[in-house]
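Subject: Structure handover

Hi,

Here is the structure I promised to pass on to you. Please open it alongside this email and follow along as you read.

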Amino acid sequence: MPSDLILVETRQQIGTVTINRPDKLNALNAAVLGELETAMQRLGSDAGIRAIVITGAGRSFVAGADIGEIANASRGTLQAFAERGQAVFRAIEQTRKPVIAAVNGFALGGGCELALACHIRVASTKAKFGLPEVKLGLIPGFGGTQRLPRLVGRGPALRLILSAEPIDGTEAHRIGLADLLAEPETLMTTAYTLADACMANSPVAIARASEAVDVGLDLSLEDGLRSEATLFASLGDSNDMREGTLAFIEKRAPAFRGN
Ligand code: COA
């Protein structure tokens, strides 16, 4: 069910999820997080959807977790809060369809962490990325201390986490936090063009490749290679693999069925 807080639009096999609480710069309160989780579960299990783009309404992507919900929280509440956000974002990361963040404005705190949980980030030159939690006497709690150093390396991650200073889209692109950079007016078309490129490929292979990267990042190289070989071999049972290789040999475009 569509709600006011999260808008879902589906077009040409792409699901667009818009976080829609612009008066609070799309800050993630419990309701927004719940609706986001539901929307992502629905799109993730919808066979008619092949890629998902997440963006924000208005001038913000997401300006973080809702500070009002944290202000008086006890240790136990903070623990539950972090675990809840982490679970929602981990599920997004484990979606076996490409999930692209189209970062239109503020991606601060939980917003930056949401972008980090997406598979690929497209940033507007007007975007502002940052992890300002230490300014609030907090630390990133929705995965920022773990995903950011894995993505950009320890030094650039600690620069953002310890200084709490935001960086713009251009700088985010320079350090590898954003994968693609676009002017604000071409942000969504850039994200959709990227989604289209992914969708031209085998959905089964996309799912397995995504799993290989996700699983492998936490393994030793040896274990990661073993995991890759197993996932590679599993495609021997797929029609898409037969179709993709045959289409190449027959010099025609493949018609993937996603099985
Ligand atoms: N939680 C709750 N409310 C938030 C919020 C957040 N993370 N971020 C913004 N808002 C609210 C503001 O309180 C304000 O609400 P109000 O109009 O009822 O007062 C509204 O969104 C607009 O924000 P405002 O601060 O007036 O806009 P601005 O352009 O002056 O500043 C930011 C924009 C993003 C720099 C500023 O809102 C900010 O620093 N937000 C917090 C970012 C943060 O620390 N995130 C990590 C949280 S753990």
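Below is what I found, going through the sheets and then the helices.

Before anything else, please keep in mind that this is a predicted model.

**The six-strand sheet**

A good place to start is the open sheet of six strands, which has mixed pairing and the order S1-S2-S3-S5-S7-S10. The edge positions belong to S1 and S10; each has a single partner strand, so one side of each is left without a neighbour in the sheet. From one strand to the next, the twist averages 20 degrees.

At one end of that order, strand S1 (residues 6-11) pairs with strand S2 (residues 14-19) in the antiparallel sense, over six bridges. The two strands make a hairpin with two residues between them. Have a look at Gln12 in the turn, where phi is positive at about 45 degrees. Arg11 stands opposite Ile14 in S2.

Further along, strand S7 (residues 120-124) is worth a look. Four of its five residues are buried, so S7 is largely enclosed by the rest of the structure. Strand S5 (residues 99-103) pairs with S7 in the parallel sense over four bridges, and Ala102 has Val122 in S7 as its bridge partner. S7 also pairs with strand S10 (residues 180-182), again in the parallel sense, through three bridges. In that pairing, Ser124 stands opposite Ala182 in S10.

**The four-strand sheet**

There is also an open sheet of four strands, ordered S4-S6-S8-S9, and its pairing is mixed. Here strand S4 (60-62) and strand S9 (167-168) are the edge strands, each with a single partner strand, so one side of each is left without a neighbour in the sheet. Strand S6 (residues 106-108) and strand S8 (residues 128-130) run parallel and are joined by three bridges. If you want a pair to display, Phe106 has Lys128 in S8 as its bridge partner.

Helix H4 (residues 110-117) lies across S4, S6 and S8, and runs at about 75 degrees to S4.

**H3 against H4**

How do H3 and H4 lie relative to each other? The axes of helix H3 (residues 75-93) and H4 come within 8 Å and cross at roughly 30 degrees. With angles under 35 degrees counting as roughly parallel, H3 and H4 are therefore roughly parallel to each other. From H3, the residues that meet H4 are Phe89, Ile92 and Glu93. Their counterparts in H4 are Gly110, Glu113, Leu114, Leu116 and Ala117. By class, this contact of H3 with H4 has five nonpolar, one polar and two charged residues.

**Helix H11**

Which residues of helix H11 (residues 239-249) are buried? They are Asp240, Glu243 and Ala247. Viewed down the axis of H11, these buried residues fall within an arc of 65 degrees, so they line one face of the helix. The spacing fits a general point: an α-helix has 3.6 residues a turn, so residues three or four places apart point the same way. Helix H9 (203-216) is included in what covers the buried residues of H11. On the other side of H11, Phe248 and Ile249 are exposed. Just after the helix, Lys251 takes a positive phi of about 55 degrees.

Happy to talk any of this through whenever suits you.

Best wishes

Terms used. Residues numbered from 1 in each chain as written. Predicted model: local features only at pLDDT ≥ 70, side-chain atom pairs only at ≥ 80, totals over all residues. Heavy atoms only, no water. Pairing = 2+ DSSP bridges. Contact = heavy atoms within 4.5 Å. Axes fitted to C-alpha atoms, helices over the stretch in contact; angles between N-to-C directions. Buried < 20%, exposed > 50% of the residue type's maximum accessible area, 1.4 Å probe, protein only. Arc of directions from axis to C-beta. Parallel < 35°, antiparallel > 145°, perpendicular 65-115°, else oblique. Nonpolar A, V, L, I, M, F, W, Y, C, P; charged D, E, K, R; others polar.
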